[in-house]
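Trainee: Could we go through this structure together? I would like to see the reasoning behind each label.

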Amino acid sequence: MDLDVFVSAHRAEWDRLDALLGRQRRLTGAEADELVALYQRTATHLSLIQSSAPDPQLTGRLSQLVARARSAVTGTRRASWRDVTRFLTHGFPAAVYRSRHWWVPTALLSTAVAIVLGWWIGTHPEVQSSIAAPSDLRELTRPGGEYETYYSSHPATSFAAQVWTNNAQAAAMCLVLGAFLCLPVVWILFQNMLNVGVGIGLMSSAGRLDTFLGLILPHGLLELTAVFVAAGTGLRLGWTVIDPGPRSRRSALAEEGRAALGMAIGLALVLFVSGAIEGFVTPSGLPTWARIGIGIAAELLFLAYVYILGGRAARAGETGDVEEAERSASVPTAA
């Protein structure tokens with residue numbers, strides 16, 4: 001492309017678009033139609049220049065012009081309670097439902113890894129001795145030991161807030177780092193399962209596995225499900241980089257990335273609930289069956305939310321992405 005010839009041929013259109021955008025008065029119908037047509041042509045020109053003859057100064061001017069024109073054409077829009085309601089009843093559960101083929105196998109495999117690690121640690125004293133000294137292990141696992149007092153070592157409110165912050169960070173890292181070909185997600189997930197496996201192994205070797213499960217299940221069911229959803233979504237995002245399918249890699253990653261960002265917000269709310277259970281229910285004086293029952297109820301409610309609300313929304317075409325009007329405009333690219 002001869003850039004000078006191209007600029008000479010289209011400068012008048014760009015200047016005209018700039019003049020229309022600078023009008024102080026309301027545009028007539030014909031002028032509005034002209035603005036839309038010029039916006040579309042200028043967006044195409046920008047794409048051609050970016051792909052064939054990139055010039056920083058010209059690209060910057062046209063990018064600004066296209067952005068102003070798009071704002072004028074589509075208008076501005078403020079977030080409302082309608083957006084929040086739509087996100088909670090359609091966007092988030094649909095995104096989780098659509099990712100179920102990733103996070104459900106992730107959950108099953110991870111749980112199996114934690115159980116195997118727990119069995120290995122619990123049946124091999126030499127492995128236990130490599131974790132900590134025998135006196136330290138006894139302090140961890142004895143009645144009233146650190147495993148039990150951990151959940152009541154701080155005021156419930158501050159403990160719940162700390163737990164929520166840590167878990168939300170772990171979930172966000174799984175979602176964000178998934179774009180790096182899945183490997184960081186696998187490592188984060190393994191670290192979580194290793195911690196669970198160590199607890200299972202040490203408490204089972206002390207004959208107190210029932211106590212451990214009574215402490216971890218009330219909040220752990222929902223908490224680990226949220227982590228599995230984040231990890232599965234991160235793995236899906238990483239696979240999108242490897243195999244975007246019929247979409248271009250850029251558009252596929254943008255679409256899945258926007259949905260993953262929304263899921264990070266939704267999962268933060270889910271982890272807030274599990275953090276509240278961990279802070280107020282797990283260390284409470286309720287019977288073990290009651291505490292575990294609350295955890296099971298929270299887990300079943302979340303799964304019903306995903307599979308009923310999310311499944312219905314997904315079948316209706318919801319993907320968890322932002323609404324079409326809020327997405328970046330797609331412009332033609334040079335062949």
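Mentor: Happy to; what follows takes a few residues and one helix in turn, and please keep in mind that this is a predicted model.

Trainee: Let me start with S99. Why is S99 called buried?

Mentor: The cut-off for buried is under 20% relative accessible area. S99 has 2% relative accessibility, so it counts as buried. You will find S99 in the loop between α4 (81-98) and α5 (100-122).

Trainee: What makes the pair of S99 and A95 a polar contact?

Mentor: The distance limit for the N or O atoms is 3.5 Å. A polar atom of the S99 side chain lies 3.1 Å from the backbone oxygen of A95, so the distance is within that limit. Leaving out residues up to four places away in sequence, S99 also touches T233, R236 and M263.

Trainee: R236 is on that list. How do you know whether R236 is buried or exposed?

Mentor: The same kind of test works here. R236 has a relative accessible area of 15%, and buried means under 20%, so R236 is buried. It lies in helix α11 (residues 209-242), and its contacts beyond four places in sequence are R98, S99, W102 and E256.

Trainee: And W81, why is W81 called exposed?

Mentor: Exposed requires over 50%. W81 is at 71% relative accessibility, so it counts as exposed. W81 sits in helix α4 and joins V84, L88 and L269 in a nonpolar surface patch of about 430 Å². The largest share of that patch, three residues, comes from α4.

Trainee: Turning to α13, how do you know that its span agrees with its number of residues?

Mentor: Helix α13 (residues 288-315) has 28 residues, which at 1.5 Å a residue should span 40 Å. The end C-alpha atoms are 39 Å apart, so the two values agree. Just after α13, G317 takes a positive phi of about 105 degrees.

Trainee: What covers the buried residues of α13?

Mentor: The cover includes α4, α5, α11 and α12 (249-281). Among the buried residues of α13 are R291, E299 and F302.

Trainee: What makes E299 buried?

Mentor: Its relative accessible area is 12%; since buried means under 20%, E299 is buried. Leaving aside neighbours within four places in sequence, E299 is in contact with L221, L222 and T225. E299 and H219 are 80 residues apart in sequence, with their C-alpha atoms 9.0 Å apart in space.

Notes:
Residues are numbered from 1 along each chain as its sequence is written. This is a predicted model: local features need pLDDT of at least 70, side-chain atom pairs count only at pLDDT 80 or more; totals for chains, interfaces and linings use all residues. Side-chain values use heavy atoms; hydrogens and water are left out. Helices (H or I, at least four residues) and strands (E, at least two) are DSSP runs, numbered from the N terminus. Buried means under 20% relative accessible area, exposed over 50%, partly exposed in between (1.4 Å probe, protein chains only). A polar contact is a pair of N or O atoms within 3.5 Å; within protein, one must be able to donate a hydrogen and the other to accept it, and residues adjacent in sequence count only if both atoms are side-chain atoms. Contact means heavy atoms within 4.5 Å. Patches are made of residues with over 30% relative accessible area and no salt bridge: like charges are joined within 9 Å, nonpolar side chains (Val, Leu, Ile, Met, Phe, Trp, Tyr) within 5 Å. Accessible areas come from the Shrake-Rupley method with a 1.4 Å probe; for residues, only the protein chains shown count as cover. A salt bridge is a side-chain nitrogen of Lys or Arg within 4 Å of a carboxyl oxygen of Asp or Glu. The expected span of a helix is 1.5 Å times one less than its number of residues.
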